[in-house]
Amino acid sequence: MGGDMSFWNDIYQKFDPIAFSVFGFPMHWYGIAYVCALLFAFFVAKIIISRAPNRFPISSHMLDSYFIWAEIGVILGARIGYIIIYDPMRFWYLAHPWQIFNIFDTAGNFVGIRGMSYHGAIIGFLLASWIFARLKKQSFLLYMDLAALSIPLAYVFGRIGNFLNQELYGRVVLDSDTFGQMIGIIVDGTLRYPSQLLEAFLEGVVVFIIVLVSARLVRTKGMLIAIYAISYGVMRFIAEYWREPDSQMGLFFGLSMGQILCCCMILCGSALMLYLRAHPKQIKTKANTRKDK
């Protein structure tokens, strides 16, 4: 193994997940990446509505308001989803809900908020978006299509944040896997796949390309979010084979919890796509002449 590869394999031993400290509070690269992901998705959405006003007749002011709703839904859903789905202390947290967002441990040390679930974030995002659309009299599916184009590349930041935070690492690299030996990262003395980066590529870059190409081929409102759900579910299902399953969850019928949830996403996306194909006249994308309120 060459010198460059050795440096890459040992990068965790040379890299500090804490970027800097503010008044004694450590700021992790993951937190910075999470904020960058949210802001990147917002600015991509801004660009889209400015360049495609006929397809996305959404004012900048309305998008600003929606962003606040959506991000609150994402943060609440991601944290609560992790507690319910993955955390072995879920019942303790449910009995002490004020502790869910406590940034200090029992000894009073600052630890930040640890444990965020993508699938929980999706549920929180959908719920917040639906409430926003109802209250503001906006098209829910229109905003979902905008999100389908805005989210994938922003998601890359989140997975890079996981990598820099040295969490959600991959499975052990097999001795027979030459390529795995080259790209593997040593974690606690064991060579593992950099599954976070593989997920960033598959779930971020590849999904974005799929949705972007689809946007040029389909015009039915709501179809892009259906395509996003299916493509993300497939890419995440594949990526899970390189990712170490959560130790507290294990496998179910040979599938990780992430893969099971992805199957649910694929089914939901497929159901929405079938519904849209069966009712094209009701949901066909049109330029919305109504003024934002």
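Buried here means under 20% relative accessible area, with exposed being over 50% and partly exposed in between (1.4 Å probe, protein chains only). The structure is a predicted model, in which local features need pLDDT of at least 70 and side-chain atom pairs count only at pLDDT 80 or more, while totals for chains, interfaces and linings use all residues. Residues are numbered from 1 along each chain as its sequence is written, and side-chain values use heavy atoms, leaving out hydrogens and water.

On the whole-protein level, 46% of the 293 residues count as buried. The secondary structure comes to 12 helices and six strands; these are DSSP runs numbered from the N terminus, with helices being H or I over at least four residues and strands E over at least two. About 15800 Å² of the protein is exposed, and carbon and sulfur atoms supply 69% of that area (Shrake-Rupley method, 1.4 Å probe; for residues, only the protein chains shown count as cover). As for contacts, meaning heavy atoms within 4.5 Å, residues 24 or more positions apart account for 69% of those with a separation of 6 or more.

Turning to the annotation, an unreviewed UniProt entry places "transmembrane region" at residues 27-45, 66-85, 116-133, 140-158, 197-215, 222-239 and 251-276. UniProt positions are given in the numbering used here, with feature names shortened, and the annotations may be inferred rather than shown by experiment. Two of these spans can be checked against the model. Residues 66-85 are 100% helix and 0% strand, with end C-alpha atoms 27 Å apart. Residues 197-215 are likewise 100% helix and 0% strand, and here the end C-alpha atoms lie 26 Å apart.

Helix 10 is mostly covered, with 14 of its 17 residues buried. From its first C-alpha to its last it reaches 24 Å, close to the 24 Å expected at 1.5 Å a residue; the expected span is 1.5 Å times one less than the number of residues. One residue of helix 10 is S231, which counts as buried because its relative accessibility is 7%. The S231 side chain makes polar contacts (pairs of N or O atoms within 3.5 Å; within protein, one must be able to donate a hydrogen and the other to accept it, and residues adjacent in sequence count only if both atoms are side-chain atoms). A polar atom of this side chain lies 2.8 Å from the backbone oxygen of I227, and the side chain also reaches the backbone oxygen of Y228 at 3.2 Å. Leaving aside neighbours within four places in sequence, S231 touches V207, I210 and V211.

Helix 11 (residues 257-278) is a similar check on geometry: its 22 residues should span 32 Å at 1.5 Å a residue, so the 32 Å between its end C-alpha atoms agrees. Its buried residues are M257, G258, Q259, L261, C262, M265, G269 and L276.

Next comes the packing. A nonpolar core is a set of buried Ala, Val, Leu, Ile, Met, Phe, Trp, Tyr and Cys residues joined through side-chain atoms within 4.5 Å. The largest one has 43 residues, of which I58, L63, Y66, L146 and Y228 touch the most other members. Helix 3 (29-51), helix 4 (60-85), helix 6 (118-136), helix 7, helix 9 (195-217) and helix 10 (223-239) each give two or more residues to this core. Apart from it lies another core of six residues, including I11, Y12, F163 and I185. Beyond its neighbours within four places in sequence, Y66 is in contact with F125, S129, F132, Y143 and M144.

R159 is listed by UniProt as "binding site" in an unreviewed entry. It sits in helix 7 (residues 140-164) and counts as buried because its relative accessible area is 6%. The R159 side chain makes a polar contact with the side chain of Y155 at 2.6 Å. Setting aside neighbours within four places in sequence, R159 contacts L168, Q196, E199, A200, E203, Y232, R236 and R243.

Two partly exposed residues round out the picture. W130 belongs to helix 6 and has a relative accessible area of 45%, so it counts as partly exposed. The C-alpha atoms of W130 and Y143, 13 residues apart along the chain, are separated by 9.4 Å. S6, in helix 1 (residues 3-9), is partly exposed at 27% relative accessible area. Although S6 and G184 are 178 residues apart along the chain, their C-alpha atoms are separated by 9.8 Å.
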